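Open the model in your viewer, set it to cartoon, and keep the selection box handy. We will go from one stop to the next, and each stop tells you what to select.

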Amino acid sequence: MSHQNLLFSSVGDNSNFDELWIDDSMNYDIYIIYYGNNAETFKKYQSKVTFIESRKGSKFQNFKYFYDKYKDMIETYERFFII
């Protein structure tokens, strides 16, 4: 489901973002760049978010990659959050 708001984060194997940011009343899409090494963790995260990619790098290196690759998609959102 597409919303007017997009939340971006770069997460690893020890994140609990799914417990903190996801519930039935959320009004935003979530885009995650996963920098960990566990295929099962990636699959778990993938089942919970709107968009996900696996890529090494720090949060802002991954955001720059995301911004450069998906600028047109980002511009379709009214609000954008980096967490």
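Leaving aside its neighbours within four places in sequence, which residues is Thr41 in contact with? Select Thr41 and show its surroundings: beyond those neighbours, the contacts are with Asp13 and Tyr34. Bear in mind as you look that this is a predicted model.

**Stop 1: helix H2**

Thr41 lies in helix H2, so extend the selection to residues 39-46. Is Thr41 buried or exposed? Thr41 is buried, because its relative accessible area is 15%, and buried here means under 20%. Add Phe42 and Tyr45, which are buried in H2 along with Thr41. These three sit on the same side of H2, because they cover an arc of only 100 degrees around the axis. An α-helix has 3.6 residues a turn, so residues three or four places apart point the same way. Now colour Ala39, Glu40 and Lys43: they are exposed, on the other side of H2.

What covers the buried residues of H2? Among the elements to display are S1, S2, S3 and helix H1 (17-21). Before leaving, zoom in on the start of H2, where a side-chain oxygen of Asn38 comes to within 2.8 Å of the backbone nitrogen of Glu40.

**Stop 2: the sheet**

Now bring up the strands. Four of them make an open sheet with parallel pairing, in the order S3-S2-S1-S4. Select 51-54 and 79-82 for the edge strands, S3 and S4, each of which pairs on one side only. On average, neighbouring strands in this sheet are turned by 15 degrees against each other, direction ignored. H2 packs on this sheet, touching S1 (5-11), S2 and S3, and its direction makes about 165 degrees with that of S3. Helix H3, residues 59-74, also packs on the sheet, where it touches S1, S2, S3 and S4. The direction of H3 makes about 150 degrees with that of S1.

Walk across the pairings next. Strand S2 (residues 29-34) is joined to S3 by four bridges; pick Tyr31 and you will find its bridge partner Phe51 in S3. S1 and S2 pair over six bridges, in the parallel sense, while four bridges link S1 to S4, also parallel. Leu6 is a handy residue to click: its bridge partner in S2 is Asp29, and it stands opposite Phe80 in S4.

**Stop 3: strand S1**

How many of the seven residues of S1 are buried? Seven of the seven are, so S1 is largely enclosed by the rest of the structure. Show the side chains: Asn5, Leu7, Ser9 and Val11 point one way, Leu6, Phe8 and Ser10 the other way, and all are buried.

**Stop 4: the cores**

Select Phe17, Trp21, Ile30, Ile32 and Ile52, which touch the most other members of the largest nonpolar core, a set of 13 residues. S1, H1, S2 and H2 each give two or more residues to this core, and the largest share, three residues, comes from S2. Centre on Phe17: leaving aside neighbours within four places in sequence, its contacts are Val11, Ile22, Ile32, Tyr45 and Val49.

For the last selection, choose Leu6, Phe8, Ile33 and Ile74, which are among the eight residues of a second, separate core.

Terms used. Residues numbered from 1 in each chain as written. Predicted model: local features only at pLDDT ≥ 70, side-chain atom pairs only at ≥ 80, totals over all residues. Heavy atoms only, no water. Pairing = 2+ DSSP bridges. Axes fitted to C-alpha atoms, helices over the stretch in contact; angles between N-to-C directions. Contact = heavy atoms within 4.5 Å. Buried < 20%, exposed > 50% of the residue type's maximum accessible area, 1.4 Å probe, protein only. Arc of directions from axis to C-beta. Polar contact = N/O pair within 3.5 Å; in protein donor to acceptor, adjacent residues only side chain to side chain. Core = buried A, V, L, I, M, F, W, Y, C linked by side-chain atoms within 4.5 Å.
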